[in-house]
Amino acid sequence: MSEFCPKEFDDVQFREVDDMKFLNSLVLRVLVAVGFLFAVQPTIAHHSFAGFSNDEVKEFMGTIKEFQFRNPHVWIQILTTNSEGQEEEWSLEWGSPNQLGRRGIRPATFPPGTEVTVRTRPMINGSPAGAFVGAKFANGTIVGLWED
Amino acid sequence: MMVTLRHTHNFLRSIPTASTLLVGLGLIILLLPKADYAQEGDSLPDWSGVWAMNGGTVFDRATVEGQGGSNTPGVREHPPYNAEYEVKYVRNLQLRDDGLFPDPLSFCGIPSGFPRIMNLPDVYEFAVTPKQVWIMAENGPGILRIYTDGREHPDPEMMWPTHTGDSVGHWEGDTLVFDTVSLHSSEEGRTIIDRTGLYLSDAAHIVTRMRKLDEATIEAQMTIEDNKALRDLWVVTKTYRKLGEGTRVYDYACAGNNRNPVDVENNRTLILGPDGEILNSDIDR
């Protein structure tokens, strides 16, 4: 089991996550490519992304609260601490689970309770939400687009 | 003994003759001109598998202007619109740029309709049966039924506009040719062709020719006639690539977790937080 997966996901139904061995460079490349696809081509989305910034990419660290792997779009809920020291919940929107599932993303890709650093194109009005760009886990695993 | 041997000899001698006849017969069958596919389905083309549209969701990539997708400000297409519909399209483009052109699909449950069903993300299945062909889009609800059993369009009093209209078709060799009428007008906001705001009227009449270019590619060429909106025929070609063996298609419960409902009052798409609060409470663009 990948080390970032908490125990509750250590179940046979998530064996494919283990099998994928996220650190495998090929899978990483695929995931990066998927992220790139979604990051640069929001046209495949269910709706207009007009509320999200096209210019700014925000990076922050937080703890995964929930991965809503449901249609029409998946949402990654992240708990973080804002600049005023208060806990804040961010909602990061990505593609449809159907598309993502065919490209290697799984319901267990964002295990609740796991710390992660994320990048997002945030909402223009400053609300704690954005279009998902990429994520980097403590063990180096990258999901989506992540260019150093 | 001699008789037996002679009979055996004659029998053996006849084998090459029979083989030659069979081979010859086989060659004749192979060289016969390919007949039109029978409606009975004994030789319908194999379009099985899971397919995905090539390119993004800009409908007419041959006339696209600007870089990006159908949501990207500045991107537009150039259908042969008459002056009236060009003005309408330009208005839609501006609304799109302002984030005030909600997609009817965001209501969840509204069919994509035709011809937009040929222009969707996610994947497709093309079910060829003896009397109907079904184009099934995963991004749904999206099914286009094409009757190939020889029927005509219904009488006018039996046709009322719908999202997918009425499609009847036939096979010309391995090409499916179908004719679609009785479509909703885009005028009432019920349907669009893509998110740039492409429009058609209720006079749209579309003839589609669909065929397999090779084992991994299906092409659909749509010739659109619309005497209210277009000054000329508008021909758009889409292609679809076959995905790997074993690819699964899933249901698409759009309303299952729709955090982007349409705010009808303000004509825009909302972004909801985890508890349902509206995050884009002001005009963001």
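Two strands are said to pair if DSSP finds at least two bridges between them, and the strands themselves (E, at least two residues), like the helices (H or I, at least four residues), are DSSP runs numbered from the N terminus. The structure described here is a predicted model, in which local features need pLDDT of at least 70 and side-chain atom pairs count only at pLDDT 80 or more, whereas totals for chains, interfaces and linings use all residues. Residues are numbered from 1 along each chain as its sequence is written, chains are lettered from A and ligands numbered from 1 in the order in which they are written, and side-chain values use heavy atoms, with hydrogens and water left out.

In chain A, strand E1 (residues 58-68) runs antiparallel to E2(A), to which five bridges join it, and Thr63(A) stands opposite Leu79(A) of E2(A). The connection from E1(A) to E2(A) is a hairpin of six residues. Strand E1 of chain A is also joined, by six bridges and again in the antiparallel sense, to strand E4 (residues 115-122) of chain A, where Thr117(A) is found opposite Met61(A).

In chain B, nine bridges hold strand E7 (residues 205-214) and strand E8 (residues 217-225) in an antiparallel pair, with Ile218(B) of E8(B) as the bridge partner of Lys212(B). A hairpin of two residues leads from E7(B) to E8(B). Strand E8 of chain B further pairs with strand E9 (residues 234-242) of chain B, the two running antiparallel over eight bridges, and Ala220(B) has Lys238(B) in E9(B) as its bridge partner.

Over all chains, one disulfide (a pair of cysteine sulfur atoms within 2.5 Å) is counted. This disulfide is formed by Cys108(B) and Cys254(B), whose sulfur atoms are 1.9 Å apart, and the torsion about their S-S bond is about -55°, so the disulfide is left-handed. Because Cys108(B) lies in the loop between helix H2 (83-97) and strand E2 (124-128) of chain B, while Cys254(B) lies in the loop between E9 and strand E10 (262-263) of chain B, the pair ties together parts that are 146 residues apart in sequence.

Side chains of opposite charge can pair when their charged atoms come close. The salt bridges (a side-chain nitrogen of Lys or Arg within 4 Å of a carboxyl oxygen of Asp or Glu) number 14 over all chains. One of these salt bridges joins Glu86(B) to Arg76(B), with 2.8 Å between the closest N and O atoms; Glu86(B) belongs to helix H2 of chain B and Arg76(B) to the loop between strand E1 (51-53) and H2 of chain B, ten residues apart.

The contact between the chains (heavy atoms within 4.5 Å) involves 32 residues from chain A and 39 residues from chain B. The buried area, which is the accessible area (1.4 Å probe) that two parts lose on being put together, summed over both, is about 2800 Å² for chain A and chain B, with 48% of it on carbon and sulfur atoms. One salt bridge is counted between chain A and chain B, and in it the side chains of Arg102(A) and Glu138(B) meet at 2.6 Å, N to O. On the side of chain A that touches chain B, strand E2 (75-81), strand E3 (87-93) and helix H3 (97-102) of chain A each supply at least two residues.
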